[in-house]
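Trainee: Please take a close look at one part of this model, the place where the two chains meet.

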Amino acid sequence: MSSTLSENQGPETGTARVKRGMAEQLKGGVIMDVVTPEQAKIAEDAGAVAVMALERVPADIRKDGGVARMSDPDMIEGIIDAVSIPVMAKSRIGHFVEAQVLQSLGVDYIDESEVLTPADEVNHSDKWAFTTPFVCGATNLGEALRRIAEGAAMIRSKGEAGTGNVVEAVRHLRQIKNEIARLRGYDNHELYAAAKELRAPYELVKEVAELGKLPVVLFSAGGVATPADAALMRQLGAEGVFVGSGIFKSGDPAKRAAAIVKATTFYDDPKIIADASRNLGEAMVGINCDTLPEAERYANRGW
Amino acid sequence: MTAPVIGVLALQGDVREHLVALAAADAVARPVRRPEELAEVDGLVIPGGESTTISKLAVLFGLMEPLRARVRAGMPVYGTCAGMIMLADKILDPRSGQETVGGIDMIVRRNAFGRQNESFEAAVEVKGVSGEPVEGVFIRAPWVESVGASAEVLAEHGGHIVAVRQGNALATSFHPELTGDHRVHRLFTDMVRADRRGESL
């Protein structure tokens, strides 16, 4: 077609804009943990924006104990083949070879996750070295910025995975939002000291102070079990939610999944949240986080 | 004349970036999630996101028919990525039950450029956008397999159609809202202004 100009100068993959931009497309949505292709289809049909492929949901990892690792490639590929929405998968913290494997399988996002047993107690993976973007958990602003400095293209507040208890998700998201709000009030002199306190690069601290938000998308994770939980996290400032055990550990996963999607979109409309909350069957049995021993708190993993 | 009011379909996706780009292009931008909100806008952007999710939510919350009615009636509409899929009369490989608004006589292929690892940036010349090429950000992007006689191809990349216009409907495979370059949003805002004046740009 002569009227159309075609430019082909150097398409570039794996840029920060392409990685962060991918997360922008997920905003307002729900990312669901799935362990089989069948569950992935249920999640997609319910309106999930992406699925997290893993071998056991966090509630089962908790129950079973032992070392939790990257999932079987066959299982991940089975899920990739089953759905057209993006597929994420988890690597252990600092286990960059698991991340290399996940990238070679063609997953759309890698979650360097505290839910799996950490492989390195000092270092996280160098996420700039990958074409596949990474999402990482954080309990506070400093942790979020350290992950972004390492190349994370998306952040999720950690919460406490596999508990069905939203209290830690609220704590971590509020912490991050509070620290961002505080930075907004700082002048240039104070930002240097703030960077030291946050143990994060000054440039990133300054950028957050100017933007009033993280330079990447911020989701919430770890303990969301009901439509109201999801809406709560949205009203507190999360741009979307991860739901792990909450869906497929409940009585009627398909219905609950669709209900959480609705409540995430209309997070500020109590009538719609009420309708979405009706007759969902049993929610997952929760764990009281106060009684959780320190060693069993996944949120403490990551440095 | 007052600034045109342009909505961004806010069921899911990169709504905020479109609101910012439209405001920069001198429109009054607001999110649209309900039929009554749709009734109040002069034009609409369907953002990037997951096309299956946006389609499902639009049906579920009674927006699909009002959207079709307004697009049929000539409301200016612009779709990026998932939004392009929503404006296609036909999807080559739809998920079961995936509906579109339609409005452009074209067939789109979802995720045609590949998965996230294949997502890329490239310069794209867009007809109607003067100056330097647009920075095209393609994220798990669709392309247009073919267009009907009434649709005009505005841009191609690597031999594939990535921007199309038919009357008051505009669609791009890529995401100008992620770049800070507001020329495509300006083109759309001008379309909305012309429509309000009762002329076609």
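In which sense do strand E1 of chain A and E7(B) pair, and over how many bridges?

Mentor: This is a predicted model, in which local features need pLDDT (the predictor's confidence in each residue, from 0 to 100) of at least 70, side-chain atom pairs count only at pLDDT 80 or more, and totals for chains, interfaces and linings use all residues. Residues are numbered from 1 along each chain as its sequence is written, chains are lettered from A and ligands numbered from 1 in the order in which they are written, and side-chain values use heavy atoms, with hydrogens and water left out.

Strand E1 (residues 12-13) of chain A and E7(B) pair in the antiparallel sense, over 2 bridges; strands are DSSP runs of at least two residues, numbered from the N terminus, and pairing requires at least two DSSP bridges between them. B:Glu121 in E7(B) is the bridge partner of A:Glu12.

The contact (heavy atoms within 4.5 Å) takes 53 residues from chain A and 48 residues from chain B. About 4000 Å² is buried between the chains, 50% of it from carbon and sulfur atoms; this is accessible area (1.4 Å probe) that two parts lose on being put together, summed over both.

Between chain B and chain A there are 8 salt bridges, each a side-chain nitrogen of Lys or Arg within 4 Å of a carboxyl oxygen of Asp or Glu. B:Glu17 and A:Lys27 form a salt bridge at 2.7 Å, N to O.

How values were computed
Helices (H or I, at least four residues) and strands (E, at least two) are DSSP runs, numbered from the N terminus.
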